[in-house]
Amino acid sequence: MTIPTGRFLHALNGAALLVALAIGGVGLAPQARAQAGDAKAIADIEAVKKRAAAAANDYERARYDPIHFKPAIDAAKDEACLVCHSEIGKAKPRAASPAGVKADQTEAWYQTLDTYAGKQEDFHWRHIQSPLAKQVMNLRCNFCHQGNDVREEAANNSHASLNTRTDWAKNAPAFTLRKMVNPSETCLRCHGNFPAENMGLSGTWPENREGLENAETPNGCLTCHAEQFRTNRHQVTYLNAKAIEELAKKGSDVCYGCHGGRQWYRIDYPYPRHDWPGMPTDVPDWAKDRPKQSDARFALPAK
Ligand code: HEC
Ligand code: HEC
Ligand code: HEC
Ligand code: HEC
Ligand code: HEC
């Protein structure tokens, strides 16, 4: 593999600047230039197709395509990414591990949830195309991919001037060092620990659910969350709030699936704490620093 030189990058920076100048961003600082309206033009599907065709024999040009950087990536529809990355929808996991363990003869703990259907599939498929994913969530490429600087795959890199920070909670960086996405602002939201302590519960959910669930009330979460606590939830673009509640009538694995049942982390995500009807006026200690609103970038369009 060849190590890319700064040349392509500079060429691109130059191109972006020319576009900005043409649009009227003369003399603007980098930050302002980035907002000067070129993002939409770069992410436009026809423009992407043209660049993809032009870059067909030029790997470096394609991997440094301006859509991989802020601000253009924020304006990118999935279709624009898929012009070059259709492989994402077709990838398959290995039928057997390198050591020879066959996938169809093993079961991971998260596959035991009632909602899990079918065989092991590719990561992207599970989050975008699986029947469950399509029902409960709406994850776009740029929900996770806030950019892809192929040189660094890290924050504060060559493109720091083009605003690699997000407006996520606490101004979290778009990248985590050597990772393509920021896991604590993406994965952790749905793959954290079951936050039992914050609920005044002790023990695991499997222990707690025993006393709460039977054939008539298959979802023990709703014992407390149907009317009593935190009833104002999931009002964001990347989740399908109504569908979640509808599906959750069938059982708590729907809820638990994103709140402890597919846990990759020992910690839980510090969710925003929206006001809800009848909430107590005193704020518990653990909730003192919590925002009262979801991140602005996920706000639902005003009706
Ligand atoms: C013009 C074509 C093109 C477009 C459009 C495009 N990409 Fe890429 N992308 C590439 C190429 C080429 C690479 C380098 C692939 C490699 O090295 O295996 C790449 C690399 C990546 C990588 C890193 C892959 C790796 O293995 O290092 C990610 C992640 C990525 N792109 C995401 C996106 C997202 C998200 C979008 C839409 C916002 C997008 N790309 C749009 C061509 C494109
Ligand atoms: C739920 C978060 C998430 C979503 C949504 C998502 N990706 Fe990814 N993507 C990842 C992660 C995590 C990786 C692996 C990164 C690594 O290996 O460090 C990845 C890897 C990639 C790669 C590198 C190739 C590979 O297989 O490793 C490409 C290209 C890519 N994604 C494109 C896309 C496109 C295009 C979309 C939208 C259709 C998309 N992604 C949606 C999280 C996501
Ligand atoms: C908005 C919620 C959400 C986010 C964000 C999210 N996931 Fe998931 N994840 C899910 C759901 C729901 C499933 C189960 C889908 C199904 O059963 O079809 C799942 C399934 C998985 C699986 C199981 C795949 C399989 O085929 O068995 C893995 C691994 C995973 N997620 C890792 C990640 C990683 C890593 C990230 C961050 C890059 C991430 N997830 C971000 C909700 C999410
Ligand atoms: C015995 C009642 C009870 C049960 C059962 C229960 N919860 Fe909770 N839950 C609470 C209370 C109380 C809070 C905290 C309310 C507050 O913000 O003051 C809470 C908070 C939460 C939070 C927000 C945590 C945070 O840190 O902001 C999530 C997520 C949650 N519950 C999900 C679930 C899920 C999923 C289930 C079922 C698997 C469940 N709860 C079962 C009472 C319960
Ligand atoms: C697809 C994954 C997913 C499913 C399914 C899901 N949640 Fe969540 N939940 C999330 C995410 C992500 C957030 C944070 C949303 C945001 O950005 O504000 C959240 C937030 C919450 C909160 C915090 C509410 C607040 O104050 O903003 C509670 C409580 C909660 N969920 C309970 C539940 C219960 C109960 C169920 C089942 C009825 C459930 N969740 C199903 C992913 C999920």
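Where is the place of Arg-230? Arg-230 sits in the loop between helix 13, residues 221-225, and helix 14, residues 241-248. I begin there, colleagues, and shall return to that loop after a general view. Please bear in mind throughout that this is a predicted model.

Let me turn to the overall picture. The protein contains 15 helices and 0 strands. Of its 303 residues, 20% count as buried. Consider next the contacts between residues at least 6 apart in sequence: 62% of them join residues at least 24 apart.

Now to the interior. The largest nonpolar core has 11 residues, among them Ala-39, Ile-42, Ala-43, Val-48, Ile-67, Phe-69 and Cys-81. Helix 3 (38-43), helix 6 (72-75) and helix 7 are the elements that each supply at least two residues of this core, and helix 3 gives the most, with 3 residues. Ala-43 is a useful residue to select on the screen. Setting aside residues up to four places away in sequence, Ala-43 touches Val-48, Ile-67, Ala-72, Ala-75, Ala-76 and Ala-80. A second, separate core has 7 residues, including Phe-194, Trp-205, Cys-221 and Tyr-256.

I come now to the ligands, taking them in order.

Which residues come nearest to ligand 1? They are Ala-62, Ala-76, Cys-81, Cys-84 and His-145, out of 22 residues around that ligand. Two or more residues of this shell come from each of helix 4 (45-54), helix 5 (59-63), helix 7 and helix 10. Helix 7 provides the largest share, 4 residues. By class, the shell around ligand 1 holds 14 nonpolar, 5 polar and 3 charged residues. Two names may sound familiar: Ala-76 and Cys-81 belong to the largest nonpolar core and are also among the residues that come nearest to ligand 1.

Ligand 2 is surrounded by 18 residues, and the closest are Cys-81, Leu-139, Cys-141, Cys-144 and Met-180. Helix 7 (78-84), helix 8 (123-129) and helix 10 (141-144) each give two or more residues to this shell. Its residues divide into 11 nonpolar, 5 polar and 2 charged. Cys-81 therefore deserves a second look on the screen, as it is listed among the closest residues for ligand 2 and among the nearest for ligand 1. The shell around ligand 2 draws at least three residues from each of two domains: domain 1 (6-77 + 140-185) and domain 2 (96-139 + 186-303).

Ligand 3 has 26 residues around it, of which Arg-126, Ser-130, Leu-132, Cys-187 and Cys-190 come nearest. At least two residues of the shell come from each of helix 8, helix 9 (131-136) and helix 11 (187-191). The largest share, 4 residues, belongs to helix 11. This shell comprises 15 nonpolar, 7 polar and 4 charged residues. Domain 1 and domain 2 each contribute at least three residues to the shell around ligand 3.

Let me finish with the backbone. Most residues other than glycine have a negative phi, and most peptide bonds are trans. With that background, three places call for comment.

What kind of peptide bond joins Lys-70 and Pro-71? The bond is cis, with omega at about 5°. Pro-71 is found in the loop between helix 5 and helix 6.

We now return to the loop of my opening question. Arg-230 is not a glycine, yet its phi is positive, about 50°. His-234, also a residue other than glycine, has a positive phi near 65°. His-234 likewise has its place in the loop between helix 13 and helix 14.

Are these two residues buried, exposed or partly exposed? Arg-230 has 15 other C-beta atoms within 10 Å, so it counts as partly exposed. His-234 has 17 such atoms within 10 Å and is partly exposed as well. The cut-off for a buried residue is 20 or more.

My last place is Pro-218, in the loop between helix 12 (205-210) and helix 13. Pro-218 counts as partly exposed because it has 18 C-beta neighbours inside 10 Å. Which residues is Pro-218 in contact with, leaving aside its neighbours within four places in sequence? They are Glu-213, Lys-250 and Gly-251. Pro-218 and Gly-251 are 33 residues apart along the chain, while their C-alpha atoms are separated by 4.8 Å.

Thank you for your attention.

Terms used:
Residues numbered from 1 in each chain as written. Chains lettered and ligands numbered in written order. Predicted model: local features only at pLDDT ≥ 70, side-chain atom pairs only at ≥ 80, totals over all residues. Near = placed C-beta within 6 Å. Nonpolar A, V, L, I, M, F, W, Y, C, P; charged D, E, K, R; others polar. Domains from an automatic or database assignment. Core = buried A, V, L, I, M, F, W, Y, C linked by C-beta atoms within 7 Å. Buried ≥ 20, exposed ≤ 12 C-beta atoms within 10 Å, placed from the backbone. Contact = placed C-beta atoms within 7 Å.
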